[in-house]
Amino acid sequence: MLNQNLTISQEIAAQPKTQYFTKEDGDALASLLESNLYKEQAAEVKVLLKSERLIESSRVEPEVDWFYCKLGLDSNYFDSTPSVVIARHILSLYAAKMVSHATGAKLEVQLHSKNEGSATFITPSNPGKRDSPAMMIEHAIESHYFGEGYHQDQQLLSPQQVAVAPFPVSPKPPTGANLPPHGFRLACYRTTGTVSNSSPVHLRLYYLTKPVFPQASNDLSASKNDEILATETDLFKIADISFIEKSSELTKKIYQEVMNEVVGKQGPVIKHYPYQTNGARLVIAYRRGSTHSYWSAIGELYHYHQMYATHKYVEQFSNGITIYSIYLRPLHPDVDINTKISKIAEQASLVYVLPRTSLTPLFLSHQLSFPEVTYAYVCWKFAYQFLNRYATEYSALAVAIGDDSTKQSMLAQLKTRLSKDTFTEGRVRDAVLQYPDLIKILYQDFEKYHFCGSTQKYDVQHGSEILASIKKTVNNELDSQIFSAILSFNRHLLKTNFYKQTKTALSFRLDPGFLSTKEYVSTPFAVFFVVGSEFRGFHIRFRDIARGGIRIIRSGNSTQYDHNSSSLFDENYNLANTQQSKNKDIPEGGSKGTILLSADHQSKAEVAFHKYIDGLLDLLLPNHEIVDHFGKTEILFLGPDEGTADYMNWASEHAKDRGAHFWKAFTTGKSLSRGGIPHDLYGMTTRSIHQYVLGTLAKLGKNEADCTKFQTGGPDGDLGSNEIKISKDKTIGIVDGSGVLLDPQGLDRDEIGRLAGKRQMARYFDKSKLSAQGFFVDVAENDVKLPNGEIVESGLIFRNNFHLNQLCNADIFVPCGGRPESVQLTNVDKMFTATGESRFPIIVEGANLFFTQKARLMIEEKGAIIFKDASANKGGVTSSSLEVLSALALNDEEFDKHMCVKDNVVPEFYENYIKDVHHTIESNARLEFECIWNEHESTKTPRSILSDLLSNKINSLNDSIQTSSLWNDQTLRRKIVSTACPKVLLNLLGVDKIMERVPEPYVKAIFGSYLASRFVYKYGLNSNEFAFYTYMESLKQ
């Protein structure tokens, strides 16, 4: 019973059964405080607490004295924390003691104090135990104060941890006004002592504050200040003001060193320093937003290695850099920290790449180490792409069906669907979770061949004993296939940056021998697999010298993501294969890269692209940390594709910064100031496409101005805008990202020309210029009534399928945009009228893979003239090829003078080079068009098949020429190179200097591709050896 004459605080303090209040002799504590370095600060705290009168006055002295002398907080806490904040912390701790005593319950110190500019959390700390409430606190801080946490895997947290969370568990960090642009600063301390002399409870205290940076220059715009700050390294200009005032000189020296290094890097800088006796200071710096969940993952890493942190800090800087400083000690004092700290620092680099995945529970439960669980994640995502459950059944049915192309296509689609339904990502993950011991065995095999310094000889047949273990361990065929696919990954891996000390993504160069020749008829030259925390992707090329674009793949919802994920490699392979066919008359073979953004990271395209490029460069540039079983120099030539056009400058500059000698030629599509040839500005791709339109109309005796046309891809895009600018037809319909624009009477050409000039979407079309039958349906609209009375329930669905809608019929259809396989076997019937004729008599496929081959053939069977993408859409690749040539042939000074546009002044050489590029594009398109037309007239073979046959013949002949003795004929070599090169480049350098500067494999590719393409275009598909002999003799004359 409480004494009514006392306050609650007095009553509780007087209770004899108190466990958590300080009982230490007052004189002893006072004596300790007298020798304490912070006694003056303690005195200030006492004054503050007494003035507030929230703690019984008789309790203030012992509680403050214990806090300073016995609780065991690091001196950094008292150096960096204001007296008023310390007073608040002591009051919070005292309040928890009061609650515990009043209720008789176990002391649960869960104190959360939050306001706009700061926050404090105090919680019990149990080092070495992952069920500690501190873990949940750190997850919450990471999400809500750092803006970098993604903790949607609830199985990572116990119910008790979720219960004490200071916020609702959220899968994504908050955005907008609730999060400052640079995150909060954090100071975290663990007590070495306990809350009282009779309590075993240690505490961990988290104190967060908004950073306050020095004033930015008022003479510059905000964007200009940000641009300057991004590369600034001077701590006094970019650090929080109180950090500069209160940090020790040693700390500032260490931070300055890592800042100088990290600003110029893509990945983290990780260092460690000795600290006191058997302690270490782990310092990690990285650019904010370049990873996620890193803070909590680093905590889990050192806990795995049986370390705990006495205190730790997160410091934010106005240049976008975040620095962690973590003071570590062994959980068991007899362990020498020097035996652990290097491995923790080494693995912290791997944690940066993949901090948290669905396989993280295997690490948290100590079933797998962090390298092992990271390897398991990579293998999970890789294996999922290539598992084939129905190979035997499919082969038997395919033989039974025979040559019926329609049924064969349906069977192929059925097999793909069944395979993906059987081997879902979740099904493959579950197998990995079920058999961690198999992952250990496979990882040991992986490490044996690729750990730095390994001398193990590459052997694609190795691992028979592992295969036997797999068959003995798993209990069903599906799991056996999954782990066999992982072994195949090991067997065909030629090099990886997995063991490189610093990296931003994991990259793997594979021999393509693991691919099924039944599934993938044409075998690529090389396959790269790249995995980062925001993405995964591939790069596939069909020749050593090859070029192609890099594509970002976004997903609007979970269904679309599942589809994109399951078809990632197939889409990449098909795009690269199409590029190989398309590149028939240029030196480079076909290649393509894809970057699939993770479901939770759809807004991080630029971060993902940077990591993807950095990962590829890791394997292209010499590095003693990487075991190279390929043993040959490789160069990739990359270009823009969907979502990456704005990143080409950066990729080239980054290659230069990393010391790549090929940096100028590494990417095409760069800006004018970097010597690039923008396809959209000069209409490069459209020039090739339009030659097929003009050629077909000329053959049919039709006038372009009298023909109606429908196009997908609007005036805001490259192909769409330039198609509008270059054509003279009567355009009746445009479909783009904004919706559907249609007018059967013809869209006002001046108005769509205005949109094309401004690169604006169709939604900005002046609706007053539509006829009574015309309309625009926005993707955001629902229940729209059309002029014919039809109701459109969903503008988005209407847009997605409008190319199949009977409302739209035209003389010409030019797809300038759209997803691959927009027209396929299941919907091609909608391309025909009620009488069975094609709704579009002439189709020129500008967008890559808009039609499947089966759909093209069915359209041709109905009498339509269709030219496939591999033939029509090659203007861009020709332009890019010649952009590469200029970068290889000109030295840095010449390139800067003749190819870089400065202050809007276009060099005369550049202007003439563009004219030569235009001439080459149009010439190549006309030659191929005439060849396909003539072959079709004489053989009646479908044009879509002729296009492939033509590519195959040219590519095959090219390979033969490059390995023949023709290359040794110096006179012929000079003549072919002179003819193939742009005249303005030839006039500037001369053929000998071009051949001297350009790498020989590239010159040989020029030689072979020009000879092969010109011969086949002239003599056709059925030309024989005598015809080639005659052709060569004519060249020598």
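These legends describe close-up views of a predicted model.

**View 1. An open sheet of seven strands.**
The strand order is 19-18-17-16-22-23-24, and the pairing is mixed. Strand 19 (775-778) and strand 24 (865-867) stand at the edges. Each has a single partner strand, so one side of each lacks a neighbour in the sheet. On average, neighbouring strands of this sheet are turned by 10° against each other, direction ignored.

**View 2. Strands 16 and 22 of the sheet, joined by four bridges.**
Strand 16 covers residues 708-712. Strand 22 covers residues 812-815. The two strands run parallel. Lys-709 has Ile-812 of strand 22 as its bridge partner.

**View 3. Thr-251 in helix 12.**
Helix 12 spans residues 249-262. Thr-251 has a relative accessibility of 12%. The cut-off for buried is under 20%, so Thr-251 counts as buried. Its side chain makes a polar contact of 3.0 Å with the side chain of Arg-281. Leaving aside residues up to four places away in sequence, Thr-251 touches Phe-243, Arg-281 and Tyr-327. Arg-281 thus appears both as a polar partner of Thr-251 and in its list of contacts.

**View 4. Two buried cysteines, Cys-379 and Cys-981.**
Cys-379 has a relative accessible area of 1%. For Cys-981 the value is 3%. Both values fall under the 20% cut-off, so both residues count as buried. A disulfide is a covalent bond between the sulfur atoms of two cysteines. A search of the whole structure finds zero disulfides.

Notes
Residues are numbered from 1 along each chain as its sequence is written. This is a predicted model: local features need pLDDT of at least 70, side-chain atom pairs count only at pLDDT 80 or more; totals for chains, interfaces and linings use all residues. Side-chain values use heavy atoms; hydrogens and water are left out. Two strands pair if DSSP finds at least two bridges between them. Axes are lines fitted to C-alpha atoms, for helices over the stretch in contact, and angles run from 0 to 180 degrees between N-to-C directions. Buried means under 20% relative accessible area, exposed over 50%, partly exposed in between (1.4 Å probe, protein chains only). A polar contact is a pair of N or O atoms within 3.5 Å; within protein, one must be able to donate a hydrogen and the other to accept it, and residues adjacent in sequence count only if both atoms are side-chain atoms. Contact means heavy atoms within 4.5 Å. A disulfide is a pair of cysteine sulfur atoms within 2.5 Å.
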